[in-house]
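Reader: I would like to go through this structure and ask what stands behind the terms used for it.

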Amino acid sequence: MDHGLTRRGFIRSAGAVTALAASGKFPADLFAAEDRRLVRFPEKTDLILLTSRPPQLETPERYFKELLTPNEALFVRWHLSGIPTEVDLAAWRLAVGGNTGRTLALSMDDLRTRFDRVEFAAVIQCSGNGRSFFDPRVPGGQWGNGAMGNTAWAGARLKDILEAAGVKPDSREVAFNGMDNPPAPKVPDFVKSVPMDVALRDDTIVAYEMNGKPLTMLNGFPVRLVVPGWFATYWVKALSEITVLSTEFGGFWMKPAYRIPDDPCACVAPGGKPARTVPIARMNTRSLILSPEAGDTLRRTRAVEI
């Protein structure tokens, strides 16, 4: 089967970076709506630019009026600048191994023919969504409300892939690595892990389609992990390696990064420090009023549909 032997998405710089995430100090009006510039990257419509290297592109809120977010409008978030810009499916393989009875090297045809195709509509959301509203400002991508979307994802169940590899009984976690590369030797590779019970859920999948089409390059072509209900930091893009572990994974992007206070509200008093932290995981409900929009003028005597 030919699913397009080579997929390209050459990325050029989209201009000046609009987020100053390093210092945590920002001009008060830097993120005013009228200052948030729109750019167009390959396979994408006009999205709000946060940074161009690596790409961080935000979905304008008008797209959330649709049940499913169009592929060209779904937000983009990469951690490392060395992102894949071309994939040869004839050569690409998904490596599966670690604490397993056998190792696998799965092609796209393998994923499509050896395993049942399943499809789930699931919300994907960056755990930093809404960070620009923090006061005082905090470092990181200064997202408004648009680092999220709702998409129909299709692919193979992760548990079916792990069963084919023969997961050993003492396995505790599964780690995931993608084809993005660190820009310098001291920058940690972006590797995430999930507990075994999450990896074996029916709705945790290795997705090769979004809304019935192949993934866009910027959203993780050729395959990405999909973990419904969990923040997108775990939805590793351009997936290339799945490693079953008998111990807890301690990589940088699990510890110390992406952790929250281990208490009922996942919070601390301003200026305080948590006594203990845990990896951020499940999303809380998030609601927006999309209409009327900010700045709309309303008549006092007329009903308004919200």
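**Strands, core and cavity**

Author: In this predicted model, strand β9 (residues 117–125) and β10 run antiparallel and are joined by nine bridges.

Reader: What makes β9 and β10 a pair?

Author: Two strands pair if DSSP finds at least two bridges between them. Nine bridges join β9 to β10, so they count as paired. One of the partnerships is that of Ala121 with Ala152 in β10.

Reader: What makes β13 a partner of β10?

Author: The cut-off is again at least two bridges. β10 and β13 have five, in the antiparallel sense, so they pair. Ala154 stands opposite Glu209 in β13.

Reader: Why is β10 called mostly covered?

Author: Buried means under 20% relative accessible area. Nine of the ten residues of β10 (residues 148–157) are buried, so the strand is described as mostly covered.

Reader: Which residues have the most contacts inside the largest nonpolar core?

Author: They are Leu94, Val96, Leu111, Trp153, Phe176 and Ile242, in a core of 62 residues. Strand β13 (residues 205–210) gives the most to this core, with five residues. Apart from it lies another core, of ten residues, including Val39 and Trp78.

Reader: Why is the space of about 190 Å³ called a cavity?

Author: A cavity is a set of points where a 1.4 Å probe fits but cannot get out. The search finds one such space of 30 Å³ or more, and the largest cavity holds about 190 Å³. Of its 18 lining residues, Arg77, Arg224, Ala232, Trp235 and Lys237 are the closest to its centre.

Notes:
Residues are numbered from 1 along each chain as its sequence is written. This is a predicted model: local features need pLDDT of at least 70, side-chain atom pairs count only at pLDDT 80 or more; totals for chains, interfaces and linings use all residues. Side-chain values use heavy atoms; hydrogens and water are left out. On a 1 Å grid over the protein atoms alone, a cavity is a set of points where a 1.4 Å probe fits but cannot get out, and a pocket is an open set with protein on both sides within 12 Å along at least five of seven lines; lining residues have an atom within 4 Å of a point. Grid points are joined across faces, edges and corners, and a volume is the space filled by probe spheres set on the points. A nonpolar core is a set of buried Ala, Val, Leu, Ile, Met, Phe, Trp, Tyr and Cys residues joined through side-chain atoms within 4.5 Å. Buried means under 20% relative accessible area, exposed over 50%, partly exposed in between (1.4 Å probe, protein chains only). Helices (H or I, at least four residues) and strands (E, at least two) are DSSP runs, numbered from the N terminus.
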